[in-house]
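User: I should like to learn how to read the features of a protein model, one at a time. Could we begin with the pairing of strands?

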Amino acid sequence: MTAPQTSWIDSANDGKSHFPLQNLPYGVFSTQGQTPRVGVAIGDQVVDLAALDQAGLLPEAARGTFAAASLNRFIALGQPVWSETRRRLTALLSGADAALRDNAALRHQALVPMSAATLHLPVEIPGYTDFYSSKEHATNVGRMFRDPDNALLPNWLEIPIGYNGRASSVVVSGTPLHRPNGQIKLPNEARPVFSACRKLDFELEMGFIVGKASALGEPVSTADAPAHMFGMVLLNDWSARDIQQWEYVPLGPFNSKGFGTSISPWVVTMEALEPFRRDNPAQSPEPLAYLRQQDKNAYDIALEVALQPDGAAAPSTICRTNFKAMYWTMAQQLAHHTVSGCNVRVGDLMGSGTISGTTPDSYGSLLELTRNGAEPLTLADGSQRGFLQDGDEVIMTGYCQGDGYRVGFGTVAGKILPAR
Ligand code: MN
C-alpha cells in the first residue's frame, strides 16, 4: 500500500515546501484575540487541531489535549496516539477522508494562513542538555584552544560529552536576545573586566524532544532510546566565547550559554524523519558496551546558516553542512545521559552540539568559520564579521530531501540587540 503523496492544500505539493503531507510537524500558534493552541503545518497553512478535535475528527485518545499552550499533554499520551493522530491527519489532509476538505465552514475555522499566525515555544521544557557530538567541531575547537597535535581530549572518543544547560531561557525563533554582559579576562590583565561580550557567536545544532519519560535509577538502552524521542527541532546555541573561555574551567559553560537558546517553532516527528535514517558513522575505538547500537540512528538532514546584518538587503549564507556526519548519535546521547540513573522527562530538550563538517564552509560556528575572529567573513553587503554585531540576525534552516518532496524544519532565526 502506498500512502497518498499529495494534499488538497496546493501549497504543500510544490516539492520545495518544508511542510508537505509527509511532514506534519506540530507547533503552538495563536491568531489575534485567540489563546495559543496546537497546530500542524501544511504548505503555507496551519491546521488548528483544537478545532478538528472539537469537530470530532481526531482520535478519541487525544481528546482535549490540543486546546493547550504546549505540546506536552499530547506528547505524554505516547507513541500509539502520535501515530494514530498522524494517520488521521494524513487522511484528512490528503482527502482520503473528505470531512475537512468538503466542509467549508470547518475549513474556514481550522485553516489559518501561516502569515497570520503567531508561533510560540512549542514545548514546556523541564530540562535542557547540550552535547558536543561533532568530531570535526571538537577537533577544530581543540586545535584552537589546546594542542593542534592532540586536539581531542582522551575522553572525547569514549563519552558523548555533554553538560546540563538552562531550560528557562530557551526561546522560540524570532525572539531577539540582548548581547550578554559578563566577566572577560583580557590577555594582558591580571583580573577580569565586566563587559559586554565581544565575541558573540551562534552554534548550529539540532535538538530532540523527549517524548517518553524514564524512571529515576533506570537507564535507557541505545535500543530503547528512539522510543523515547518525540521529534526534532533546529537549535541555535548562542555562545559568548570570551565569557566562556574565562568561566568554563572546571565545571563547564555557565553565563556564556545561559542567556538564551533559540529553537524552531515546528517539531518534526521521528515518524516523519523515519525515511531519512542512515547508517551510523564509524566509531573507533569501539564504544563501551552500553553505547553500542544496532539501529541506524543517523539522519540525513541538510543544514544552512545565514547571517543578515541590520538593514542588509538579503541574508548571506555562511555555512552548509549535514546532520548525518555527527559522531555520537541521539540514541547514544540518551543512553549515556541515563546510564547513571538520571531520569528524563517529557519535553526535555537535548541539543546535538555544534554541527560542523569537514570543509571550511561547513563549520557550524563563527569561532571555526573565522578562526576565532582572525579571518573575518565577507558578507554580501561587503561588511566583515569575525563575531556577531548588534543588529545581526542569524537564520538557520534544514530539510530532508525525499523523492519529490522535502521534510523541512522551517527556520530558527534570532536577532542580537545591544547589551543592557
Ligand atoms: Mn552547544
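User: In which sense do strand 1 and strand 5 pair, and over how many bridges?

Analyst: In this predicted model, strand 1 (residues 26-30) and strand 5 are antiparallel partners, joined over three bridges. Ser30, for instance, has Thr118 in strand 5 as its bridge partner.

User: Where does this pair belong in the order of the sheet?

Analyst: The open sheet consists of five strands in the order 4-3-2-1-5, with antiparallel pairing. Its edges are strand 4 (111-113) and strand 5 (118-120), each of which pairs on one side only. On average, neighbouring strands of the sheet are turned by 45° against each other, direction ignored.

User: Which helix lies across strand 1, and at what angle does it run to that strand?

Analyst: That is helix 3 (residues 79-94), which runs at about 65° to strand 1. Helix 3 also lies across strand 2 (37-42) and strand 3 (45-48).

User: How should one read a nonpolar core, and which residues have the most contacts inside the largest one?

Analyst: As a general idea, nonpolar side chains in soluble globular proteins tend to be buried together. Here the largest nonpolar core has 56 residues, and those with the most contacts inside it are Phe202, Met206, Met232, Leu273, Ile301, Ile318 and Phe323. Apart from this core lies another, of 43 residues, including Val38, Leu100, Ile125 and Leu235.

User: What does Met232 touch, leaving aside residues up to four places away in sequence?

Analyst: Among the residues that Met232 touches on that basis are Met206, Leu273, Ile301 and Phe323, together with Trp266, Met330 and Phe409.

User: Is Thr269 buried or exposed?

Analyst: Thr269 counts as buried because its relative accessible area is 7%, and buried means under 20%. Thr269 is located in strand 17 (residues 268-269). Not counting residues up to four places away in sequence, Thr269 touches Tyr26, Arg86, Phe230 and Gly231.

User: Finally, how is empty space found, and what volume does the largest pocket have?

Analyst: The general idea is to roll a probe the size of a water molecule over the atoms, which shows where empty space is left. In this model, the largest pocket has a volume of about 660 Å³. It is lined by 27 residues, of which Tyr132, Arg146, Gln244, Tyr248 and Pro253 are the closest to its centre.

User: Which elements supply the lining of the largest pocket?

Analyst: At least two lining residues each come from strand 6 (128-131), helix 5 (135-145), strand 7 (162-164) and helix 6 (241-247). Helix 5 supplies the largest share, four residues.

Technical notes: Residues are numbered from 1 along each chain as its sequence is written. This is a predicted model: local features need pLDDT of at least 70, side-chain atom pairs count only at pLDDT 80 or more; totals for chains, interfaces and linings use all residues. Side-chain values use heavy atoms; hydrogens and water are left out. Buried means under 20% relative accessible area, exposed over 50%, partly exposed in between (1.4 Å probe, protein chains only). Contact means heavy atoms within 4.5 Å. A nonpolar core is a set of buried Ala, Val, Leu, Ile, Met, Phe, Trp, Tyr and Cys residues joined through side-chain atoms within 4.5 Å. Two strands pair if DSSP finds at least two bridges between them. Axes are lines fitted to C-alpha atoms, for helices over the stretch in contact, and angles run from 0 to 180 degrees between N-to-C directions. On a 1 Å grid over the protein atoms alone, a cavity is a set of points where a 1.4 Å probe fits but cannot get out, and a pocket is an open set with protein on both sides within 12 Å along at least five of seven lines; lining residues have an atom within 4 Å of a point. Grid points are joined across faces, edges and corners, and a volume is the space filled by probe spheres set on the points.
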